[in-house]
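Subject: Structure handover

Hi,

Here is the structure I promised to pass on to you. Have a look at it first, and then read on for what turned up.

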Amino acid sequence: MGYNNVYPGEHPQVPRIQPGQIVAALRTVSPVRCDCSSNLNPGGANVQVSSPSTTGVAIVSPGILYREPKIPAPERYDGHPGGCNGFLTQCSLVFELQSSSFHTDRTMIAYIISLLSGKALAWATAVPEADFTIEFRTLAAESGWDTEALVTAFFLDELAPWELEEDLESLTTMAIRINNRLREHVRQRLFDTTPVSRFPKYPKPLEPKLLPGATPPRGRLYFLSAPEAAVMDSYIRELLEPGFIRPSTSTAGAGFFFVEYLTIGLCSVSRPKGSYLISTLSSIFSRSSPAELNSMLVVVLLTDFDAQWRATTLGEITANFPSQLKADQLLVVHVPKQYYPPITGLKRNFNDKADRVTFRSKQNVDYSFLLQFCTGRSLLYLQLEDDVSCSHHFLSAIRRRVQQMEVPWATLEFSALGYIGKLYHSEHLPLLSRFLFLFYQEMPCDFLFSHFRVLLTQSEVIRFTPSLFQHTGSYSSFLGTFNKLKDDDYEDLYTNPAADVYSDIPVYMDHVPAMAWSPGTGTFFWGRSPSSGNHLTITFRHPVVVTTITVVTGSAEGRDRLASATVELGLHPVTEKTGSGTTCQEFYSVGDLQGGRMDMTDVHKKRFGHASSCLKIRVTAKQNDWVIIKKIRITTKED
């Protein structure tokens with residue numbers, strides 16, 4: 001798929017973008033090693049990319065092709081002593097002038113054997129010979145000696161300690177057998193193949209010593225393909241388990257000198273109503289262990305064309321994450337405006353307004369550049385937005401899910417929202433980058449990503465719950481509009497306190513009330529049509545000061561929501577007269593469910609700063625539909 005066809009034919013006024021411009025743009029993005037030409041070069045054309053010039057733009061020039069001369073093959077060699085030297089000279093000439101065809105010993109040996117006949121061919125197809133017998137045969141062919149003289153010379157040189165055979169072939173076979181036996185004995189003495197569980201003890205610790213004033217290299221030194229990285233990952237795990245190696249805690253640790261397991265990419269732009277970038281990066285780094293951070297690279301593409309905003313944002317990142325920048329766990333990059341295709345005056349698909357078309361089209365190009373830059377930096381690639389919160393140890397959770405996959409996949413989803421938590425193979429990033437660039441003005445990025453998944457023959461969405469990432473931004477990056485999207489399947493470390501849960505709403509099958517309080521997203525309370533006054537009550541084993549309350553009702557399709565209910569906190573636990581459970585003597589209203597849910601923060605800063613013993617969801621109007629309470633979550637603080 002080439003960039004020459006980026007723009008549809010119905011827009012002749014739009015200039016075509018040449019491959020060199022994309023390569024140049026990506027070369028200016030980063031000073032690090034990045035073979036952009038191999039990924040962006042359409043059709044596999046022979047292109048060479050020079051180092052960036054003083055202007056920051058790479059020079060692209062056609063490669064020069066060299067055609068090797070054709071040389072007639074030497075005549076077949078039958079083993080006659082007089083023809084050996086000439087035959088070997090002709091073969092050497094072929095190898096020298098046609099080096100691209102004979103770049104390994106294997107290809108040269110195969111070529112020589114294909115030209116042998118008679119006795120020479122018999123030598124070549126016999127039992128593999130030792131070096132000294134091959135050398136002796138070569139010298140024998142050049143010497144012109146008769147068989148008796150050769151047998152005597154071979155015996156005196158190599159087999160003096162052994163019983164003499166009658167002819168040269170028998171002597172050669174015996175010598176090879178003796179040589180192989182000696183080699184095997186030496187190998188068994190030096191290399192014991194019995195598995196070991198510990199290293200031998202050394203008289204003193206071994207440690208690398210640096211020259212005075214020298215510093216160790218930082219970051220990964222080599223790049224591996226996806227299959228190579230998978231084998232290396234398996235090998236490292238085998239060595240970690242018995243303790244032969246351990247994860248590095250050094251700030252100069254290079255992840256065993258190879259690329260990371262996961263690259264996390266996100267784009268950030270100036271927002272009309274505040275930025276969430278610093279909090280997003282804080283969440284990524286603070287909720288990952290040192291070992292996880294050592295397998296991770298975060299790349300931030302600053303996509304705004306406002307130089308002042310970029311300088312301010314870069315200063316904030318530098319001030320907040322100096323250690324991550326120094327350890328090459330965080331990269332910040334930017335693509336200049338001149339490398340973008342036209343993003344105004346585009347066709348208005350989906351009847352979007354012109355400013356929205358411009359916004360989403362530029363966003364597609366932003367992602368295209370980001371994906372291309374991240375190619376080859378890790379085994380897997382995870383896309384996030386710049387206004388998310390991460391669950392603790394999300395990388396380990398992703399690794400477990402990937403290892404459990406038994407079918408080929410193109411995209412794995414760890415969030416239900418937007419372009420958050422989407423996982424790709426790094427080897428697919430060049431394809432996805434070109435795909436976004438090709439159709440950048442056609443539709444929003446999440447639509448394009450869905451089409452790309454299908455094109456790679458993954459027809460169904462593979463999404464895992466609980467979600468590992470939550471959307472936290474209250475205002476959109478487009479015009480600063482209010483955005484209340486939340487992922488109902490998001491779960492971080494579970495914090496609900498120990499409690500007893502019961503309800504007087506009739507239960508359907510085994511979906512008991514406690515399942516709404518329990519961790520995980522596969523459990524929920526399902527009850528038949530509730531009436532006014534029905535309730536679900538939670539009695540804490542010990543009084544707690546409630547700080548936040550989240551209640552989510554209804555199915556994923558929006559059915560069976562609790563239409564009318566209020567949430568209350570209670571004091572002074574007592575046993576209910578019916579004996580069904582423990583309740584509280586006094587209850588205070590916290591607020592009503594809106595649209596079947598509640599998300600209330602700072603509960604303790606209002607009138608409920610004292611410790612509570614109960615939480616009740618009380619139905620305030622009869623409804624004919626059944627009710628699903630998916631989850632009830634609270635956070636607490638010490639009284």
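In what follows, two residues are in contact when heavy atoms of theirs lie within 4.5 Å. Please keep in mind that this is a predicted model.

Let me begin with Q623, where that cut-off is needed. Leaving aside residues up to four places away in sequence, Q623 touches S529, P530, R561, L562, A563 and S564. The residue sits in the loop that runs between β17 (612–619) and β18 (627–637). Is Q623 buried or exposed? Its relative accessible area is 8%, and a residue counts as buried under 20%, so Q623 is buried. There is also a polar contact for you to check: the side chain of Q623 reaches the backbone oxygen of W626 at 3.4 Å.

Next, the disulfide. How many does a search of the whole structure find? The answer is 1, and it joins C584 to C614, with an S to S distance of 2.1 Å. The angle about the S-S bond is 85 degrees, and the link of C584 and C614 is right-handed. C584 belongs to strand β15 (residues 582–592) and C614 to strand β17, so the pair ties together parts that are 30 residues apart in sequence. Both C584 and C614 are buried. C267, by contrast, is in no disulfide: the nearest cysteine sulfur belongs to C374 and is 8.9 Å away. At 13% relative accessibility, C267 counts as buried. C390 is buried too, with a relative accessible area of 0%.

Some backbone details may interest you as well. Which residues other than glycine have a positive phi? Two to look at are H393, with phi near 55 degrees, and D560, with phi of about 60 degrees. H393 lies in the loop between β7 (388–390) and α15 (394–404), while D560 lies in the loop between β13 (535–553) and β14 (565–575). Their accessibility can be set side by side: H393 is partly exposed at 40% relative accessibility, whereas D560 counts as buried at 18%.

The peptide bond from T465 to P466 is worth a look too, as it is cis, with omega near 0 degrees. P466 is found in the loop between α17 (445–455) and β10 (469–471).

On the surface, I109, I113 and L121 form a nonpolar patch, and together they have about 230 Å² of accessible area. One of them, I113, is found in helix α4 (residues 105–114). With a relative accessibility of 33%, I113 counts as partly exposed.

Finally, a pair that sequence alone would not show you. V545 and V603 are 58 residues apart in sequence, and their C-alpha atoms are 8.8 Å apart in space. V545 is placed in strand β13 and is buried, with a relative accessible area of 1%.

If you would like a place to start, open the model at Q623 and go through its partners, among them R561 and S564. From there you could turn to the C584 to C614 disulfide, and then to the cis peptide bond from T465 to P466.

Happy browsing, and all the best

Note on methods:
Residues are numbered from 1 along each chain as its sequence is written. This is a predicted model: local features need pLDDT of at least 70, side-chain atom pairs count only at pLDDT 80 or more; totals for chains, interfaces and linings use all residues. Side-chain values use heavy atoms; hydrogens and water are left out. Helices (H or I, at least four residues) and strands (E, at least two) are DSSP runs, numbered from the N terminus. Buried means under 20% relative accessible area, exposed over 50%, partly exposed in between (1.4 Å probe, protein chains only). A polar contact is a pair of N or O atoms within 3.5 Å; within protein, one must be able to donate a hydrogen and the other to accept it, and residues adjacent in sequence count only if both atoms are side-chain atoms. Patches are made of residues with over 30% relative accessible area and no salt bridge: like charges are joined within 9 Å, nonpolar side chains (Val, Leu, Ile, Met, Phe, Trp, Tyr) within 5 Å. Accessible areas come from the Shrake-Rupley method with a 1.4 Å probe; for residues, only the protein chains shown count as cover. A salt bridge is a side-chain nitrogen of Lys or Arg within 4 Å of a carboxyl oxygen of Asp or Glu. A disulfide is a pair of cysteine sulfur atoms within 2.5 Å.
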